[in-house]
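Welcome to a short set of worked exercises. Have the sequence and the 3D view open, try each task yourself, and then read the solution.

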Amino acid sequence: MVDPEMEPSTITKGIYTYVHDVSQGPPESIDVHHIIVSRSRAGGIIFCAYAILFALICLLILLLLQRCKAKPFGMLIISNIFNWWNMMNDCQLLIQDKSVAVVLWGFTLAGFLLRQSRRKLVMKESVIILPAFGVQLETFYMRHFFGLVQVSGRTVRHFVPIDKILKPVLNECVTPVTCYWSLSLIIREQEQLLLVFKELYPPISMLVPIWKALCASINEEYAD
Amino acid sequence: MSQQKKHRILMVSDFFYPNFGGVENHIYYLSQCLIKLGHKVVVMTHAYKNRSGVRYMTCGLKVYYVPWKPFLMQNTLPTFYGTLPIVRTILIREKITLVHGHQAFSTLCHEALMHARTMGYKVVFTDHSLYGFADVGSIHMNKVLQFTLADVTQAICVSHTSKENTVLRSGLPPEKVFVIPNAVDTAMFKPAPERLSSHEIVIVVISRLVYRKGADLLVEVIPEVCSLHPNVRFIIGGDGPKRVRLEEMREKHSLQDRVDMLGAVPHAKVQSVLITGHIFLNSSLTEAFCIAILEAASCGLLTVSTRVGGVPEVLPDEMVVLAEPDPNDMVLAITKAIDLLPQIDPLVMHKRMKKLYSWHDVAKRTEIVYDRALRCSNQNLLERLPRYLTCGAWAGKLFCLVMIIDFLFWRFLQLWKPDREIEVVPDIHLMTKNEDTWDSSADESLN
């Protein structure tokens, strides 16, 4: 018999926290699995720092290229090692040539602002298993101002009746740069798999208990 | 006696199933036999049309179809560093101990071997083809091969001729190169249950109809043989740009009833075509090994082949008649083969092939190469860089720069996504017939 006041179990790994909440309520227990994302505000600042570093490196390369026109490459390196004053003068000259500096900094800043404004920040994704009824998939978004100010935003919910689910599966997904695990539902009379977590990529250790719970609820349904 | 250590091997090539060919078959059969020896094998190749992601083949052979689309002759676009993230992820999540690349013409293979060496893995390379030295394409390919093989742990070639060719092209020390010939699946390529009648001689040709496979020679040879031997018939399987020439020849000499053109023959149907013939004709202009004549010999056919590349090393003298890649010489060889036919027993030939060639033998020999590779010492970047300098005055420095940037990129990836964040995949053990319950080791490793 399930204790109605059972403590939820949690797993934390990286930015993801898994919370398993079994609550007792009429008519039967509802099995809830949350994947919560904890984002640090330092993320935006770190990205800013990398962007500035990138802009500085571009500046130095441009400086070297400009001096390359006058001197052969080998001589350029030697003269620059012993001639920091000349390099400082060149920096000033470059900055004075505003069009080049403005283009460089403009692109970097625009890229940063575009990235921050278009990011969809997901706060949490949940799987609510309603025995003999169905599975509800929920995604909670955050509203943000360039990743700095964050407030609770919209929620997207998707209900799947239990008789539509053929099987939950753990899939390995391959992209051009990485591989990751995903939990999907095979839906009857549909070719496409339904992703349980559409925005997040939680680790396999968090997906397995959810997969087992889904399998158990579907097997119970068809065992009756 | 200590148990032999089992390896976890990543096979990398642009050439794999669902395509069929010598390299593809080699990788598949070798992987299957290595799995039977207890090793873990994973294959990495590029995506084919909508075949993308992870697939499992017979005996649990795991294949990563990485969604890098091929851009030229089945090869992925060479990006130098673009494949580093996915190669690193696969190596870590599958706990790979050794990387085995196949085919000099595969860009994915070269990049994967480069990244694997950067990350400190031992690498083995198998060369399946012969290349020239003089034309522009060969010069560039040989330079790329020099770069890859400058730091390879061990190399494998499919024939002694191929070894000589690879050593000359790449500058690799010969003591690093092993010769392990290909094999044939004799269970699949069996002779016809009943011996064919000898009043009509059937000569079978199955190959891609391209210049390299000597299709132009066939155009000269077939009419000559048909005029000399009225009881000879040809069956030609395969497709390619030279098919038109063969059909024109057939029309010109009115050989429609004596030359059958089957078109492309699926690999599964090759045996059924071979057993309809007495003689197998191979007119290739260059071959490192030639698995096709092995398949023909396994089906009990007497082979007539051009004496090129590694072909003379493949079959015993009594099973093959060799000729120079010249139409007159080939006609003489076919005449000689027709005279030898009464002495040929297809079943005896098949049994002999069974003893001579076996993929299990290839796997055991490859295992020895892997053991040798893993015994080599580990070297850091500074110790490995001087090997690239020997590749050329300017090329050497460029290769060093490429490896330094690769190393820096790898370190950046380690900071961005540390190794501990890449989850290791559990080993899934397949159920055998004797097991009634699911193997619980997968569940345990997932937990």
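**Exercise 1. A residue at a chain contact**

Leaving aside residues up to four places away in sequence, find which residues Thr89(B) touches. Then decide whether Thr89(B) is buried or exposed.

Solution. Please keep in mind that this is a predicted model.

Step 1: Start with the contacts. Thr89(B) touches Val177(A), Thr178(A) and Cys179(A), and also Ile422(B).

Step 2: Place the residue in its element. Thr89(B) belongs to helix H2 of chain B, which covers residues 84-93.

Step 3: Look at how this helix meets the other chain. H2(B) lies across S7 and S8 of chain A, and its direction makes about 80 degrees with S8(A).

Step 4: Turn to accessibility. Buried means under 20% relative accessible area. Thr89(B) has a relative accessibility of 5%, so Thr89(B) counts as buried.

**Exercise 2. The strands under the helix**

Work out the strand order of the open three-stranded sheet in chain A, and say which strands are its edges.

Solution.

Step 1: The order is S7-S8-S9 in chain A, with antiparallel pairing.

Step 2: The edge strands are S7 (165-174) and S9 (194-195) of chain A, since each pairs on one side only.

Step 3: Follow one pair in detail. S7(A) and S8(A), the latter covering residues 179-187, are antiparallel and share nine bridges. One place to look is Leu170(A), whose bridge partner in S8(A) is Leu183(A).

Step 4: Step back to the whole chain. Chain A has five helices and nine strands. From the N terminus, its elements run β-β-β-α-α-α-α-β-β-β-β-β-β-α. Of its 224 residues, 35% are buried. Among contacts in chain A with a separation of 6 or more, 49% are between residues 24 or more positions apart.

**Exercise 3. The eight-stranded sheet of chain B**

In which order do the strands of the open eight-stranded sheet in chain B lie? Which way do the residues of S9(B) point?

Solution.

Step 1: Read across the sheet. The order is S3-S4-S2-S1-S7-S8-S9-S10 in chain B, and the pairing is mixed.

Step 2: Name the edges. They are S3 (53-57) and S10 (177-179) of chain B, each pairing on one side only. On average, neighbouring strands of this sheet are turned by 25 degrees against each other, ignoring direction.

Step 3: See both kinds of pairing. S3(B) is antiparallel to S4(B), residues 61-66, with five bridges joining the two. Here Met57(B) stands opposite Leu61(B). By contrast, S8(B), residues 122-127, runs parallel to S9(B) and is joined to S9(B) by four bridges. In that pair, Val124(B) stands opposite Gln154(B).

Step 4: Check the side chains. In a regular strand, side chains alternate between the two faces of the sheet. In S9(B), residues 154-157, Gln154(B) and Ile156(B) point one way, while Ala155(B) and Cys157(B) point the other way. All four of these residues are buried.

**Exercise 4. Empty spaces inside**

How many cavities of 30 Å³ or more does a search of the whole structure find? What lines them?

Solution.

Step 1: The search finds two such cavities.

Step 2: Take the largest, with about 50 Å³ of space. Its lining consists of His110(B), Leu113(B), Met114(B), Arg117(B), Phe147(B), Thr148(B), Asp151(B), Tyr388(B) and Met403(B). H3(B) gives the largest share, four residues. By class, this lining has five nonpolar, two polar and two charged residues.

Step 3: Now take the second largest cavity, of about 40 Å³. Helices H1 (22-36) and H9 (291-298) of chain B each give two or more residues to its lining. Its lining residues include Asn25(B), Tyr29(B), Ile291(B) and Glu295(B). The lining divides into six nonpolar, two polar and two charged residues.

**Exercise 5. An open pocket**

Which residues lie closest to the centre of the second largest pocket?

Solution.

Step 1: This pocket holds about 1600 Å³ of space. Of its 45 lining residues, the closest to the centre are Phe20(B), Gly21(B), Gly22(B), Arg208(B) and Lys213(B).

Step 2: Ask which element gives most. H1(B) supplies the largest share of the lining, four residues.

Step 3: Sort by class. The lining holds 21 nonpolar, 17 polar and seven charged residues.

Methods: Residues numbered from 1 in each chain as written. Chains lettered and ligands numbered in written order. Predicted model: local features only at pLDDT ≥ 70, side-chain atom pairs only at ≥ 80, totals over all residues. Heavy atoms only, no water. 1 Å grid on protein atoms, 1.4 Å probe; cavity = no way out; pocket = protein on both sides within 12 Å on 5 of 7 lines; lining within 4 Å. Points joined across faces, edges and corners; volume = space filled by probe spheres on them. Nonpolar A, V, L, I, M, F, W, Y, C, P; charged D, E, K, R; others polar. Buried < 20%, exposed > 50% of the residue type's maximum accessible area, 1.4 Å probe, protein only. Contact = heavy atoms within 4.5 Å. Pairing = 2+ DSSP bridges. Axes fitted to C-alpha atoms, helices over the stretch in contact; angles between N-to-C directions.
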